[in-house]
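Colleague: Could you walk me through this structure? I would like to go slowly and ask things as we go.

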Amino acid sequence: MSALAQQWGESLRSATPAQGPRWLDELRLRASDQLTAHGLPQRKDEDWKYTPMRVLEKLNPAIAYHPGSENHFLEKGQTTERGLNGKWFSDPIFPAALLDKPDYEIRVYDGVLVGHEGSDRPGVTVLSLTEGLQRYESLLRKHIESVDISGSAQAFTALNTATLNQGLVIHIDQQVDAGTMLLRWALSGKAGPSIHNFRVFLLLGEGTRLQLIEQFESADHSGSALNVVVHVELGSNAVLDHLRLQNESENTVLMSSTRIDQAQGSRYLYAGFDLGGGLVRHELKTVFGGSGAHATFLGAFVLDNARHVDNHISVDHASPGCSSEQFFRGVLGGRSRGVFNGKALIRPGADESSVRQSSANLLLSPLAQIDTKPELEIYADEVEARHGATVGQLDEAAIFYMRSRGLGEAEAKRLLVAAFCRAVTDRLENQALAGRISQLIDQAMPSFTQEN
Amino acid sequence: MLEIKNLHVTVGGKAILKGLDFSIEAGQVHAIMGPNGSGKSTLGNVIAGREGYEVTQGEVLYKGKNLLELAPEVRACEGIFMAFQYPVEIPGVNNTYFLRAALNAQRKYRGEPELDSMEFLKLVREKLKILHINDDLLHRAVNEGFSGGEKKRNEIFQMAVLEPVLAILDETDSGLDIDALRLVAEGVNRLRSDDRAMIVITHYQRLLDHIVPDKVHVLADGKIVARGGAELALKLEEQGYTWLEQGGIQSLGAELRA
Amino acid sequence: MHGELKEVYKPMSSEPTQVDSTSANPSSVDHFVQQQYRYGFVTDIESETVPPGLDEDVIRWISARKEEPQWLLDWRLEAYHHWLKMSPPDWAHLKIKPIDFQAISYFSAPKSDKDRPKSLDEVDPKLLETYEKLGVPLHERARLAGVVAVDVVFDSVSLGTTFREELKKAGVIFCSFSEAVHDYPDLVKQYLGTVVPSRDNFFAALNSAVFSDGSFVFIPKGVRCPMELSTYFRINAADTGQFERTLIIAEERSHVSYLEGCTAPMRDQNQLHAAVVELVAMDDANIKYSTVQNWYPGDENGVGGIYNFVTKRGDCRGDRSRISWTQVETGSAITWKYPSCILRGDSSVGEFYSVALTNNYQQADTGTKMIHIGRNTRSKIIAKGISAGHGQNAYRGLVRITKNAENARNYTQCDSMLIGKNCGAHTFPYIEVSNPSAKVEHEATTSRIGEDQLFYCLQRGISEEDAVSMIVDGFCKQVFRELPMEFAVEAKALLEVSLEGAVG
């Protein structure tokens, strides 16, 4: 058991316990015990074999625990004392947003919901966790209790559960189009290296639509960590476009675990862009609870220096007639390391399932590393499943061709890397957004496209 | 404009060019002919600056300067253009975007203002019109999914836009049917001018029916073994390259000798 | 009987290759009716068997009985003590009852062992009859005479070796492992455990402690082995674990092709087989190792069958060396094996071609590891999995390009075919790349036999069974063509037999 987990366990024991429904208080304690008993994930945990936990251990973050109630009731447009003195829209810690005019904007600052503002759409409810628990207790309870917190592999969900008192609930009544929401995350680093925990619920009723754009962009270099657990429930025929852009500093640790429950005919689109961060890990797991559902996971990571980005996608075809796709592109320079682990499980009877997995990677530096593992587990015969994984370099012939037309070598490489990533951005419907992300990718493209 | 003296080149330790001499002046079109493996494409690649070609002896002067020490992109900016035998496909990189980036890199090098996309589009439309090329190839990725003929025409189109000082056409006729060949040749002929030199590398004479050269050089075993006018190409076509090997050079008149 | 056998062992290279019509007639519909495992029987020979259970004394007993030198006993004991500290692997996707290692007998030899037959002529006729019943070996060998030398392993002791003399002339050593320990102790000592260390994994450690016998091959510098080498393994005595140990050393510029084929008699109780195979290829050496594995898979209800937990690994120690694994796995209740290549030498090449078929309640978890260490190393993996009945078939593979492996190349293709609603096909490829000059490509597909393919065949008058057989054969072609000719025929036939009852 790691010293860090031990330390966390102790700090959880000595902290003022949060007040909530009894089942939640009990669950927090149970999670705390789990964390103390099993410690942090280890190499022998299959899903963590490539994730360098030493990065986190070295940062030695303390738990940022916010049991107080100051922002448990946060009205729309209001902000908290603690956060930004009522001026959170002008806080420099939030740089330019990816999206100019969202229908709704929500900000989470150091693991605390500090404000939300947007248009009044009937049937769209945005609440803090405390409010959410009052209004949708049984629904939230079902989700909270469905999360596995046992064993070292689940240490971060256990930690998140043990500290569970900060969160966001987005509830959309059936047949409502909620438009576009922007969820912005920032870490200030004011309290030194700390691990902030946060919980998000996206509860989309039947026939609803939402485009959610998450932006992680901190100016923090203190070595803070953010540990987010997200519950997504998609009612039948609901559509969620979930875009996540991460451009954190090199010291930042980001752990996210997203569980998606999809009813019949629902569609989930995830597009994750990792252009920064120190140690970043996304776990996404979707379960098809009804037929005709679709899930698409798109991802691009462009890494330099000693960054580490880990993507774990798992799709459970528990119902027939569903399709899923995982499509990832990785570009690795410096001493960076990328991991892709895509799983697809087709259960007995899940006929007419279709699965595609693609992981292509460019390894551009002698010290960079990529580990990719596309997995298929198939127990039904009327299925179509295929996967491909490649690791390679930029095409030398293409570079020469471009140079022979007058482009510099670095420029030629940039163009090729951009083209490589465009395979992902081209899949986004919102082309303006895709263009903006392409620009950010271009900026993230680091030393490996410089002259050598 | 270009002067090559006693050029020796090895590829992977194997000698390919073994003392090649060659020169061309502005306004001229020269053909380099030769059998497979004689070193024709090596010559083109050395001029363009591809890696893996080791010059062990001799020099290549371009506009009086040592060409060999320049990076490929600097050569391009200095006006050297190579129409490749096998133009590479670059998925995801838009043809128009690529060409504008190339043109602007060259303009910048020459201290000229860069073209914005409107100006560039105007230029492109002009060139397309002159070359009778359909504009749908603008919207595609560089050479991706192009037919053999489309690739070669795209090369000529790029040449038209970049307006090089020295153009090398490496086996531009290979893999083309007769109609495509004629179209490509017409495009090349439109680009002939007094201040531009062109080197046409080919195995067959048929391209030279359409692009009539000022001078023909015959390359065999890494050296120029014969030089002459356009009639030399006809002679070769008639007799075949084996005629060369069987001492045909000696039978040529002294005026054709190297 | 003896006379017939003498005939069998005359070189008959001019004879046309014939296929036993009972095992390889794809057009006969009769072969697709449910039938019992053709190779199931128990040879009625008294065996000398140690009582079930494993402790130091058993290991000392085995070693003493084989009159082994002290160093080998020490090596076994060291492995045993380490094994005690290990736990069986976590069977991620296999359903397996815990194995009681104390219920297994660790040594069994035919009683007539004291006066071992000097040649096959002296072999107990009953044993030879056994081989005849196998349908493949003896008569196959008849037509293979002059091409293949056979080191017959019956239970745990090697009984006969043919073509020793001819091989000896070429300088090739091909003998049982026990003989090698006595006759070439230095070679054994030099190479044993250098590819698969005794602590490598749970079953390799167990094998190192208790291995009974196996084959030993040594090809000296510059020698091209004049014939294909072959061993047929059998498991016979009831509840007897079988722990084979094979070591093949190919010195500089040598070539060898080794064939391994297996069948096993019918048993109700699961039998454990934990073999270790070590291959060493020096500069410019070339080893081709082919396996057709057809051990008893259990009945259609999943009762009985062999547990086949094998560690096979080749070490491309020399520059430009090449190791090629080809396997056709149709038998065993559970197969767990990953024939691997350590590509240490510069420009060395590793290959893995595999067909794994699971029917009824069989489970296979197989694949390979390609560890690229040297520069310009190349590897190729072609894996075909066919699942029918309630069979579960997993490809699990690792391609690792280490930091200094400049210009490494890997191509992997693994395809799965599902026949029926209750089976499973799984793919778990691990790709780990730490060198930026590497090119690694992995592709996998999962499909089933298309209704339209079947209908097309039926419409042309081909029976459903034959159509399935044709389609499956086509699916496996890339692998079959890597097998030596006679093995390819056997493999094809085995596939058909193994698929019986899968259609319809």
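Modeller: We can go through the chain contacts, the cores, one strand, one sheet and one side chain, keeping in mind that this is a predicted model.

Colleague: Let's begin with the contacts between chains, then. How many residues do chain C and chain A each put into their contact?

Modeller: Chain C gives 31 residues and chain A gives 35 residues. The area buried between chain C and chain A is about 2,700 Å², and carbon and sulfur atoms give 46% of that. If you want to find the residues on the chain C side, look at C:K421, C:Y430 and C:P436, which supply 21% of the area that chain C buries against chain A, more than any other three residues.

Colleague: And what about chain B and chain A, how much do they bury between them?

Modeller: Chain B and chain A bury about 1,800 Å² between them, with 67% of it on carbon and sulfur atoms. That contact takes 31 residues from chain B and 17 residues from chain A. On the chain B side, B:E73, B:V88 and B:F98 supply 27% of the area buried against chain A, which is more than any other three residues of that chain supply.

Colleague: Moving inside, which residues touch the most other members of the largest nonpolar core?

Modeller: Those are A:F273, B:L2, B:F157 and B:I199, in a core of 120 residues. The largest share of this core, 9 residues, comes from helix α9 of chain A, which covers residues 409–425. There is also a second, separate core of 92 residues, and its members include A:I172, A:L254, C:Y289 and C:A438.

Colleague: Back to A:F273 for a second, what is it in contact with?

Modeller: Leaving aside neighbours within four places in sequence, A:F273 is in contact with several residues, among them A:L243, A:L245, A:A300, A:V424, A:L428, A:I437 and A:I441.

Colleague: New topic: is strand β16 of chain A mostly covered or mostly exposed?

Modeller: Strand β16 of chain A, residues 323–332, is mostly covered, since 10 of its 10 residues are buried. In a regular strand the side chains alternate between the two faces of the sheet. In β16(A), A:S323, A:E325, A:F327, A:R329 and A:V331 lie on one side, A:S324, A:Q326, A:F328, A:G330 and A:L332 lie on the other, and both faces are covered.

Colleague: Which strands does it pair with?

Modeller: β16(A) pairs in the parallel sense with strand β14 of chain A, residues 294–303, over 10 bridges, and 10 bridges also join β16(A) to strand β18 of chain A, residues 353–363, again running parallel. To follow this in the view, A:F301 has A:G330 in β16(A) as its bridge partner, while A:F328 is bridged to A:S359 in β18(A).

Colleague: What about the sheet in chain B, what is its strand order?

Modeller: It is an open sheet of 6 strands in the order β6-β9-β10-β3-β11-β12, with mixed pairing. β6 (80–83) and β12 (223–228) of chain B each have a single partner strand, so one side of each is left without a neighbour in the sheet. The twist averages 20° from one strand to the next. Within chain B, β3 and β10 run parallel and are joined by 5 bridges, where B:V29 has B:M198 as its bridge partner.

Colleague: Last one: is A:N160 buried or exposed?

Modeller: A:N160 is buried, with a relative accessible area of 1%, and its place is in helix α7 of chain A, residues 155–162. The A:N160 side chain makes a polar contact with the side chain of A:R199 at 2.8 Å.

Technical notes:
Residues numbered from 1 in each chain as written. Chains lettered and ligands numbered in written order. Predicted model: local features only at pLDDT ≥ 70, side-chain atom pairs only at ≥ 80, totals over all residues. Heavy atoms only, no water. Core = buried A, V, L, I, M, F, W, Y, C linked by side-chain atoms within 4.5 Å. Buried < 20%, exposed > 50% of the residue type's maximum accessible area, 1.4 Å probe, protein only. Helix = DSSP H or I, 4+ residues; strand = E, 2+ residues; numbered from the N terminus. Contact = heavy atoms within 4.5 Å. Polar contact = N/O pair within 3.5 Å; in protein donor to acceptor, adjacent residues only side chain to side chain. Pairing = 2+ DSSP bridges. Axes fitted to C-alpha atoms, helices over the stretch in contact; angles between N-to-C directions. Buried area = accessible area lost by both parts, 1.4 Å probe.
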